[in-house]
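Student: I would like a close look at a single part of this model, set in the context of the whole chain. Could you take me through it step by step, giving the cut-offs as you go?

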Amino acid sequence: LHVTVFFYNPNIHPKKEYEIRKEENKRFCVKRGVPFVDCDYDADAWFARMKGLEFEPERGIRCTACFDMRMEVTALYAHEHGFESFTTTNAASRWKDLAQVNESGRKAAARYPGLSFWAGNWQTAAMTTRKYEISAEERFYKQEYCGCLYSLRDSNIWRQTQGIPPCKIGGDEAGLGSRYFEDPVADAAEESQEVVDGFF
């Protein structure tokens with residue numbers, strides 16, 4: 001299996017958060033010898049596509065539009081550069097609707113003959129445990145919201161109702177918990193299924 005990381009995330013806001021997340025990906029790729037493709041930060045195009053969807057809920061049609069946009073660009077790159085398949089780390093998050101993510105991937109792949117979307121179930125207990133183990137081993141930066149301006153807004157509104165400090169961008173301290181992944185058990189508890197269900 002030959003893997004390339006394609007970083008296309010024009011949804012991430014603000015730019016400071018985008019750069020932090022991108023650099024974490026690059027650092028990991030350099031360490032593992034994995035090719036890294038740095039796609040444009042096309043934030044204006046992303047906001048234009050989300051126009052009218054600003055107040056849609058998380059996991060709603062705005063998220064579908066966001067997934068569609070990013071998958072379409074990924075699929076085009078894969079097609080033009082001879083890749084047979086692609087997938088996304090979005091599907092590994094408990095905060096995401098797996099069926100919603102996979103459907104966007106399948107639609108994008110269907111645009112090009114010979115291209116497929118790898119739609120695995122990345123949210124199993126074993127996969128989730130391994131994700132937190134790797135994150136702690138690498139001491140990855142811990143993002144506190146999905147990424148877009150609207151998820152930042154909604155996350156902070158929810159935090160306020162729960163008496164939790166607002167999300168922090170960068171720095172050595174997080175609004176909730178530790179700034180970096182350090183303890184797989186504690187990190188997983190912060191994003192347990194119960195916590196996720198409580199948000200939605």
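**A helix and its surroundings**

Tutor: R59 counts as partly exposed, at 31% relative accessibility, where buried means under 20% relative accessible area, exposed over 50%, and partly exposed in between, with a 1.4 Å probe and protein chains only. This is a predicted model, in which local features need pLDDT of at least 70 and side-chain atom pairs count only at pLDDT 80 or more, while totals for chains, interfaces and linings use all residues. Residues are numbered from 1 along each chain as its sequence is written, and side-chain values use heavy atoms, with hydrogens and water left out.

R59 is not a glycine, yet its phi is positive, about 75°, and it sits in the loop between α2 (43–49) and α3; helices (H or I, at least four residues) and strands (E, at least two) are DSSP runs, numbered from the N terminus. Helix α3 itself covers residues 61–80. Its 20 residues reach 28 Å from the first C-alpha to the last, close to the 28 Å expected at 1.5 Å a residue, the expected span being 1.5 Å times one less than the number of residues. After α3 comes G82, with a positive phi near 80°.

The partner to consider is helix α4 (residues 98–109), which packs with α3 at an angle of about 40°, the two axes being 8 Å apart. Here axes are lines fitted to C-alpha atoms, for helices over the stretch in contact, and angles run from 0 to 180 degrees between N-to-C directions. The crossing of α3 past α4 is right-handed; that is, the near helix is turned clockwise from the far one by less than a right angle, whereas an anticlockwise turn would be left-handed.

On the α3 side, the residues in contact are C63, T64, F67, D68, M71, E72 and A75, and they meet Q100, V101, S104, G105, K107, A108 and A109 of α4, with contact meaning heavy atoms within 4.5 Å. By class, this contact comprises 7 nonpolar, 4 polar and 3 charged residues, where Ala, Val, Leu, Ile, Met, Phe, Trp, Tyr, Cys and Pro count as nonpolar, Asp, Glu, Lys and Arg as charged, and the others, Gly among them, as polar. An α-helix has 3.6 residues a turn, so residues three or four places apart point the same way.

F117, in strand β4 (residues 116–117), brings in another element. Outside its neighbours within four places in sequence, F117 touches M71, F86, T87, T88, V101, N102, G105, R106 and A109, and M71, V101, G105 and A109 also appear in the contact of α3 with α4. F117 is buried, with a relative accessible area of 10%.

As for the whole, the protein has 8 helices and 4 strands, which run β-α-β-α-α-β-α-β-α-α-α-α from the N terminus on. Its radius of gyration is 17 Å, close to the 16 Å of the globule rule for 200 residues, so the protein is as compact as a globular protein of that length; the radius is taken over C-alpha atoms, and the rule is 2.2 Å times the number of residues to the power 0.38. Of the 200 residues, 42% count as buried, and among contacts between residues at least 6 apart in sequence, 68% join residues at least 24 apart.
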